[in-house]
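Colleague: I am new to reading protein structures, and I would love some company. Could we look at one together, question by question?

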Amino acid sequence: MHYHRKSRQYLELNYNRIYEVFHWFLKITLLRIFDDDFLVTPITTALFQFYFLEITISLGTIVMHAVRYRSDLDTVILSVSAFVSALEVLLKLSGMVYRRKEIKQMISTVLNDRSYQNGPLEDAICGKYMRLARKLLIITIASYLSAATMLLIYPVLSGGIRERVLPVGYSIPFVDYYKDPWYMLNYMLQLVQANWVALVFVGLDGPFYLFVCYSASQLEILIVYLRQIGQRFLSKCSSIYRDVYLMQALCSIVHICVSLFHIQLKFNNGSYGMLLTNVNKMWLFCYCGELVVSKAADFSVAVYTNRWYTLWNRRDLQNVLFMLQNAQRNYGFSVGGFGFLSFALFTVVMKTAYSCNAFLHRVMN
């Protein structure tokens with residue numbers, strides 16, 4: 001009776017609820033890339049083409065802004081941050097849309113899974129990772145929206161409105177944004193775009209939390225029961241994300257380096273939010289990757305330490321041999337084939353960003 005009551009509770013707290021949250025963010029940004037009619041109806045196709053073209057134009061606009069105001073070091077630094085952000089949106093959105101059918105199938109796998117109904121152990125493990133996925137999504141929402149808010153209120157708090165300071169390093173081409181009404185038009189444009197980008201990132205990152213928590217829960221069940229192996233799902237997920245998260249790691253290095261350089265160069269500036277957000281974002285993804293890497297290592301140990309030598313049935317021994325062979329493989333979310341998302345990668349990213357920052361200071365001096 002107690003077990004069935006807990007099962008009903010987890011039916012209320014499941015991956016469908018989490019999916020609805022990040023899917024809602026994609027809906028309000030008019031990018032419902034996991035819906036059946038996406039790129040099928042003329043409206044959804046036109047909206048995607050419009051956003052793709054708008055991001056591409058924004059990249060060119062940022063470059064023009066940086067060249068025009070190249071004598072102002074603050075402006076150039078903010079333009080670099082804006083360029084990397086826009087490029088990250090373009091690459092991540094393109095990668096997710098290109099592989100949307102595979103991602104949609106994997107989302108369906110997660111949403112239709114009922115492992116928590118198999119018994120009290122599966123119930124407890126799945127419930128734990130469902131709660132973790134919800135927490136990770138809440139942290140991501142707070143992180144992105146806080147970053148967008150910090151960027152946009154910085155000119156107000158620092159008095160930059162009077163000095164015609166823009167929160168992001170780009171402006172409408174061929175006009176002087178210092179003059180009225182161009183400054184307020186640029187400010188309102190950046191207000192809309194920064195919040196749109198934050199909402200898009202939440203929607204695009206949501207599936208990753210579903211996949212990583214689902215994979216970790218399945219691996220933990222394997223550690224205890226050694227019944228089934230989830231490496232097909234995990235390897236497929238890794239192949240989908242390997243290029244996307246390589247670009248994210250490289251963009252995060254540039255973001256952290258530029259923001260840290262800006263803070264050290266000028267203590268009173270608006271790069272604190274960008275620095276904290278990118279460090280937090282990279283840590284979150286490396287933490288998620290470490291979950292799978294550590295669970296895979298635990299799975300390997302569990303396979304090797306079980307008393308397989310006591311089995312005499314040939315079919316059972318063949319099953320154990322299959323699991324032993326798979327336990328020798330490395331599992332995780334690949335970053336462009338150069339490694340896995342893990343705490344070790346987070347250390348590499350931070351060290352690389354700091355080294356680049358030190359190099360910039362040496363060049364400036």
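Modeller: Gladly! Keep in mind that this is a predicted model.

Colleague: Let's begin with the overall fold. How many helices and how many strands does the protein chain have?

Modeller: Follow the elements from the N terminus and you read α-α-α-α-α-α-α-α-α-α-α. The count for the protein chain is therefore 11 helices and zero strands.

Colleague: Of the residues in the protein chain, what percentage count as buried?

Modeller: A residue counts as buried when its relative accessible area is under 20%. Of the 365 residues of the protein chain, the share that counts as buried is 50%.

Colleague: And of the area that the protein chain exposes, what share do carbon and sulfur atoms supply?

Modeller: The protein chain exposes about 18300 Å². Of that area, carbon and sulfur atoms supply 63%.

Colleague: Among contacts between residues at least 6 apart in sequence, what percentage join residues at least 24 apart?

Modeller: Contact here means heavy atoms within 4.5 Å. Among the contacts in the protein chain between residues at least 6 apart, the share joining residues at least 24 apart is 77%.

Colleague: Now the rings. Is the pair of Phe208 and Phe285 stacked, tilted or edge-to-face?

Modeller: A search of the whole structure finds 16 aromatic pairs. In the pair of Phe208 and Phe285, the ring centres are 4.9 Å apart and the planes meet at 40°. Planes under 30 degrees apart would be stacked and over 60 edge-to-face, so this pair is tilted.

Colleague: Which helices does that pair link?

Modeller: Phe208 and Phe285 are 77 residues apart, so to speak in distant parts of the chain. Phe208 has a relative accessible area of 0% and Phe285 has 1%, so both are buried. The helices linked are H7, which holds Phe208, and H9 (residues 272-305), which holds Phe285.

Colleague: Which other residue forms a tilted aromatic pair with Phe285, and is that residue buried or exposed?

Modeller: Tyr245 and Phe285 have their ring centres 5.0 Å apart, with 45° between the planes. This pair links helix H8 to helix H9 across 40 residues of the chain. At a relative accessible area of 2%, the partner is under the 20% limit, so the answer is a buried Tyr245.

Colleague: Which residues form the aromatic cluster?

Modeller: We have already met Phe208 and Phe285 as a pair, and Tyr245 pairs with Phe285. The one aromatic cluster is formed by Phe208, Tyr209, Tyr245 and Phe285.

Colleague: Which residues does His262 contact, leaving aside its neighbours within four places in sequence?

Modeller: His262 is found in helix H8 (residues 231-265). Its relative accessibility is 2%, so His262 counts as buried. With those neighbours left aside, the residues in contact with His262 are Asp74, Ile77, Leu78, Asn269 and Ser271.

Colleague: Which residue offers the backbone oxygen that the side chain of Ser215 reaches?

Modeller: Ser215 lies in helix H7 (residues 182-225). With a relative accessible area of 5%, Ser215 is buried. Its side chain reaches, at 2.8 Å, the backbone oxygen of Phe211.

Colleague: One last thing: is Met184 buried, partly exposed or exposed?

Modeller: Met184 is found in helix H7 and joins Met188, Leu191 and Val192 in a nonpolar surface patch of about 340 Å². Its relative accessibility is 40%, which lies between the limits of 20% and 50%, so Met184 counts as partly exposed.

Conventions:
Residues are numbered from 1 along each chain as its sequence is written. This is a predicted model: local features need pLDDT of at least 70, side-chain atom pairs count only at pLDDT 80 or more; totals for chains, interfaces and linings use all residues. Side-chain values use heavy atoms; hydrogens and water are left out. Helices (H or I, at least four residues) and strands (E, at least two) are DSSP runs, numbered from the N terminus. Buried means under 20% relative accessible area, exposed over 50%, partly exposed in between (1.4 Å probe, protein chains only). A polar contact is a pair of N or O atoms within 3.5 Å; within protein, one must be able to donate a hydrogen and the other to accept it, and residues adjacent in sequence count only if both atoms are side-chain atoms. Patches are made of residues with over 30% relative accessible area and no salt bridge: like charges are joined within 9 Å, nonpolar side chains (Val, Leu, Ile, Met, Phe, Trp, Tyr) within 5 Å. Accessible areas come from the Shrake-Rupley method with a 1.4 Å probe; for residues, only the protein chains shown count as cover. A salt bridge is a side-chain nitrogen of Lys or Arg within 4 Å of a carboxyl oxygen of Asp or Glu. Rings of Phe, Tyr and Trp (its six-membered ring) pair if their centres lie within 6.5 Å; planes under 30 degrees apart count as stacked, over 60 as edge-to-face and the rest as tilted.
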